[in-house]
Amino acid sequence: MSTPPPTHTLASLATLAPPSSSRTWQSAPHPSLPIVATACSDRSVRVYSLTSFTLLHSITGGHKRSVRSVSWKPGVRGQSVLATGSFDSSAGIWRHDQNDTTQDFTTHNEDGDGDEDDYQFSCILDGHESEIKCLSWSPSGQYLATCSRDKSVWIWEELEDDNFETVAVLQEHDGDVKCVAWHPEEDLLVSASYDDTVRLYREDADDWVQVAVINGHGMTVWWVEFEGSGMHTKDFRKETKELPQEGAEYVEALQRSGPRLATCSDDCSVRIWRRKPKDRPEGAQANTGIPSIIRSTAIDEDWYEEAVLPRAHDRAIYSVSWSRTTGMIVSAGSDGKIVVYKERWRAGTSNGASADESGATQTEEQASLTEWVVVAEIFSAHDVFEINHVAWAKRADKGKRWEGEEVVVSTGDDGEVRVWTLDETKTS
C-alpha cells in the first residue's frame, strides 16, 4: 500500500532562551498558564514563558542529581505547584504564589535567590531506592505517582499542604519503570517499563492493585499517555469519506470504552490500546497475569491493541503526546525525528478479520474502522542530538493565528527546548 504524502509541515517557531548548558529531559506545559517547566541534568528546573519564549525562573537547590521529570498539579488557584523527580531518588514539591490575571509571563525574575517571587521548596518525598524516572499528578490533584529504576511505582496522597502519605508501593514490574500516567477521567494509573510491559492499577477495597497487563511491545516501553478527556467521543476521522455504515457502532463502542492509551518503545513502534467495555460474558477472566486467589475479577480490565501507527522512526521512540484539541499524536526519540500522525476512517471498511502492519490478525470484534497516517515529519529537529520528550501546548505568543492553536514543544540532549508550529501544506 502506498504511503500518502504529508499534508502538514512542522516549522520552527522559537528556541526557548537561554538554553540549558546540559541535557534536558522533559518539558511540561502548565495546564492553564502560558509557561512550561523543563527538567535539566544540571539539577535545576527552568520555567520558560510561551509568550516571550524566555526564561522566567531557574529553580535550584532541591536536588543533588539530575532532575528527570516534572509535573504541574492541576486545579490549583492562585498558586502553581510543581513536582520534580530526580536521579537522587527523591521527589520535590515546589510552590509559587501568583495572580493568574495579573502575572507577567514575559519577564525574567532577576532576583531568584529566595525572593518571594521565586518558587519555594516545600517538601521532599523519600522512599525510592534508586533514580526516579517519571512522576505524574492525578487529574484531581489528590494523588502523585512516581516510578523508579528500583522497579517500583509509588502513589502518594496529599492530605494537606506539604503533608503527603504513601498509599501504595506497587512492585509488579520486573525492570526499570520508565513512565507513569493517569487516566483523565478515573483514578486509574498506568506504568511502562524496561520489562516490555504496560500495567494498569486502581484502588480496590482500600488497596491499590494491578487490574491489567499489556503485552505487545517487543522491547522497552518508554512512554504512555491517555487520550484526553472526552476526546474519544469527538470525530477527527473524517478526511474525504463520509462516516462508514459501521461507524455509529464504532463511535458508540468508543464512548463505552473511554479514552484510549498510546505507548511507544525501543521497538520503534507507537501503538494504540483500547479498553474492552465491561459487558464480557459472565465468568470470563481478564488476562492480567495476577493470581486469582484473594482477588476479585470484577475489577480486572481487558485492554487490546487497536492500532500500530505507521513506522516512521529508525530508533527508539522516547515520547508520544496526544493532542487534546485535534486528536493528533506526535512522537520523537533517539533518531532526532519529530513525527505527527492523524486518525482517519479506513478506506474500504469491511467486516471480518484484518491484518495490521505488524502482520498481527485482529478479530472482527477488535478490527478498527480507522487508520493512522503520517501527516508531518521533520528530520534532525535538534541537529544531531536525541529528542527526549515531545508535547503539545497551547500557543500563547503574539503570532497566534486562531484561538486554540497548538504548538509542539520538543526537549533534547542539546539542552534546548524548541517550539514548532504545524501548518497545512499548500497545494498548487
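Here is a friendly conversation between a visitor and a guide about this predicted model.

Visitor: What does the secondary structure of the protein come to?
Guide: Welcome! Take a look at the predicted model above, and remember that its 428 residues include 58% that are buried. As for secondary structure, the protein comes to one helix and 30 strands.

Visitor: Which spans does the UniProt annotation "repeat: WD" cover?
Guide: That label comes from an unreviewed UniProt entry. Two of its spans can be described a little further: residues 125-157 are 0% helix and 55% strand, while residues 170-201 are 0% helix and 50% strand. The spans in the record are 60-104, 125-157, 170-201, 310-342 and 408-428.

Visitor: How far apart do the end C-alpha atoms of residues 170-201 lie?
Guide: Let's take residues 125-157 as a warm-up: their end C-alpha atoms lie 11 Å apart. For residues 170-201, the value is 9 Å.

Visitor: How many residues apart in sequence are the parts that Glu158 and Arg95 tie together?
Guide: Glu158 and Arg95 form a salt bridge, with their closest N and O atoms 2.9 Å apart. Glu158 lies in strand 12 and Arg95 in strand 8, so the pair ties together parts of the chain whose separation in sequence is 63 residues.

Visitor: Is Arg95 buried or exposed?
Guide: The cut-off to remember is that buried means under 20% relative accessible area. Glu158, its salt-bridge partner, passes with 11%. Arg95 has a relative accessible area of 9%, so Arg95 is buried.

Visitor: Where in the chain is Glu301, the partner of Arg202?
Guide: The side chains of Arg202 and Glu301 meet in a salt bridge of 2.7 Å, N to O. Both residues are buried. Arg202 sits in strand 16, 99 residues away in the chain, and Glu301 is in the loop between strand 20 and strand 21.

Visitor: Which residues are joined into one network by salt bridges that share partners?
Guide: Start with Arg274 and Glu306, whose side chains meet in a salt bridge at 3.1 Å, N to O. Arg274 lies in strand 20 and Glu306 in strand 21, so this pair ties together parts 32 residues apart in sequence. Shared partners then build the network, which consists of Glu227, Arg260, Arg274, Glu306 and Glu343.

Visitor: How many salt bridges does the structure hold?
Guide: We have already met a few, including the one between Arg274 and Glu306. For the structure, the count is 30.

Visitor: Which residues have the most contacts inside the largest nonpolar core?
Guide: In soluble globular proteins, nonpolar side chains tend to be buried together. Here the largest nonpolar core has 48 residues. Tyr341 is in contact with residues beyond its sequence neighbours, among them Val270, Met328 and Trp372. The residues with the most contacts inside the core are Leu200, Val224, Leu261, Trp303, Ile329 and Tyr341.

Visitor: Which peptide bond is cis, with omega near -10°?
Guide: Most peptide bonds are trans. To find this cis one, go to Pro18 in the loop between strand 1 and strand 2. The bond runs from Ala17 to Pro18.

Visitor: What is the phi of Asp383?
Guide: Most residues other than glycine have a negative phi. Arg43, in the loop between strand 3 and strand 4, has a positive phi of about 75°. Asp383 lies in the loop between strand 27 and strand 28, is partly exposed at 46% relative accessible area, and has a positive phi of about 60°.

Note on methods:
Residues numbered from 1 in each chain as written. Predicted model: local features only at pLDDT ≥ 70, side-chain atom pairs only at ≥ 80, totals over all residues. Heavy atoms only, no water. Salt bridge = Lys/Arg side-chain N within 4 Å of Asp/Glu carboxyl O. Helix = DSSP H or I, 4+ residues; strand = E, 2+ residues; numbered from the N terminus. Buried < 20%, exposed > 50% of the residue type's maximum accessible area, 1.4 Å probe, protein only. UniProt positions renumbered as here; feature names shortened; annotations may be inferred. Core = buried A, V, L, I, M, F, W, Y, C linked by side-chain atoms within 4.5 Å. Contact = heavy atoms within 4.5 Å. Lists of a residue's contacts leave out its neighbours within four places in sequence.
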